[in-house]
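Trainee: I've got a new model open and a coffee in hand. Can we walk through it together?

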Amino acid sequence: EGRMIEVDTPDAASKKTKIPRLPFEMPNHSIGLRTQPPAPGQHTADILADLGFAQDQIDDLKLRNVIR
């Protein structure tokens with residue numbers, strides 16, 4: 001079965017991505033995803049704000065396509 005699992009991406013139902021499976025298995029139990037993985041760049045602005053970047057700096061990075 002392998003150590004990777006294929007899941008739908010949050011931005012398009014027709015796209016799939018692979019993520020690592022859990023490092024353990026439990027007999028007679030199915031452990032699935034509770035939420036979809038984040039889209040690339042989905043949390044970037046929040047993280048930069050938490051690190052002290054001002055909103056105008058974040059907007060400038062987006063305009064210059066440095067971040068999504």
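Mentor: Sure, let's start with a residue on the surface. At 39% relative accessibility, Met 26 counts as partly exposed. Keep in mind that this is a predicted model.

Trainee: Okay, and where does Met 26 lie?

Mentor: Look for the stretch that follows β2, which covers 16–20, and comes before α1, which covers 44–50. Met 26 sits in the loop between β2 and α1.

Trainee: Which residues make the nonpolar surface patch?

Mentor: Residues join a patch when they have over 30% relative accessible area and no salt bridge. Met 26 has 39%, and Leu 22 is also partly exposed at 39%. The patch spans about 270 Å², and its members are Leu 22, Phe 24 and Met 26.

Trainee: Staying with Leu 22, how far apart in space are Leu 22 and Arg 3, C-alpha to C-alpha?

Mentor: Leu 22 is placed in the loop between β2 and α1. In sequence, 19 residues separate Leu 22 from Arg 3. In space, their C-alpha atoms are apart by 8.0 Å.

Trainee: Gln 36 caught my eye too. Is Gln 36 buried, exposed or partly exposed?

Mentor: Gln 36 belongs to the loop between β2 and α1. Buried means under 20% and exposed means over 50%, with partly exposed in between. Gln 36 has a relative accessible area of 41%, so call it partly exposed.

Trainee: And what is the C-alpha to C-alpha distance from Gln 36 to Val 7?

Mentor: Along the sequence, Gln 36 and Val 7 are 29 residues apart. Going through space from C-alpha to C-alpha, you get 7.9 Å.

Trainee: Zooming out, what pattern does the protein chain follow along the sequence?

Mentor: The chain has two helices and two strands. Reading along the sequence, you get β-β-α-α.

Trainee: What share of the residues in the protein chain is buried?

Mentor: The cut-off for buried is under 20% relative accessible area. The chain has 68 residues, and the buried share of them is 10%.

Trainee: Then how much of the exposed area do carbon and sulfur atoms supply?

Mentor: The protein chain exposes about 5,900 Å². The part supplied by carbon and sulfur atoms is 52%.

Trainee: Let's pick a residue in helix α2. Is Leu 61 buried or exposed?

Mentor: Leu 61 lies in helix α2. Its relative accessibility is 14%. The limit is under 20%, so at 14% Leu 61 counts as buried.

Trainee: Which residues is Leu 61 in contact with, leaving aside neighbours within four places in sequence?

Mentor: Contact here takes heavy atoms within 4.5 Å. For comparison, Ala 45 is 16 residues from Leu 61 in sequence, with 9.6 Å between their C-alpha atoms. With the neighbours set aside, the contacts of Leu 61 are Leu 48, Phe 53, Val 66 and Ile 67.

Trainee: Now for charges. Which side chains meet in a salt bridge?

Mentor: The count comes to one salt bridge. One partner is exposed at 52%, namely Arg 64, while the other, Asp 60, is partly exposed at 35%. The N to O distance is 3.0 Å, and the pair is Arg 64 and Asp 60.

Trainee: Last one: which residue has a positive phi although it is not a glycine?

Mentor: Look in the segment after α2, which covers 55–63. The residue you want is exposed, with a relative accessible area of 67%. Its phi is about 60°, and its name is Asn 65.

Definitions and conventions: Residues are numbered from 1 along each chain as its sequence is written. This is a predicted model: local features need pLDDT of at least 70, side-chain atom pairs count only at pLDDT 80 or more; totals for chains, interfaces and linings use all residues. Side-chain values use heavy atoms; hydrogens and water are left out. Helices (H or I, at least four residues) and strands (E, at least two) are DSSP runs, numbered from the N terminus. Buried means under 20% relative accessible area, exposed over 50%, partly exposed in between (1.4 Å probe, protein chains only). Accessible areas come from the Shrake-Rupley method with a 1.4 Å probe; for residues, only the protein chains shown count as cover. Patches are made of residues with over 30% relative accessible area and no salt bridge: like charges are joined within 9 Å, nonpolar side chains (Val, Leu, Ile, Met, Phe, Trp, Tyr) within 5 Å. A salt bridge is a side-chain nitrogen of Lys or Arg within 4 Å of a carboxyl oxygen of Asp or Glu.
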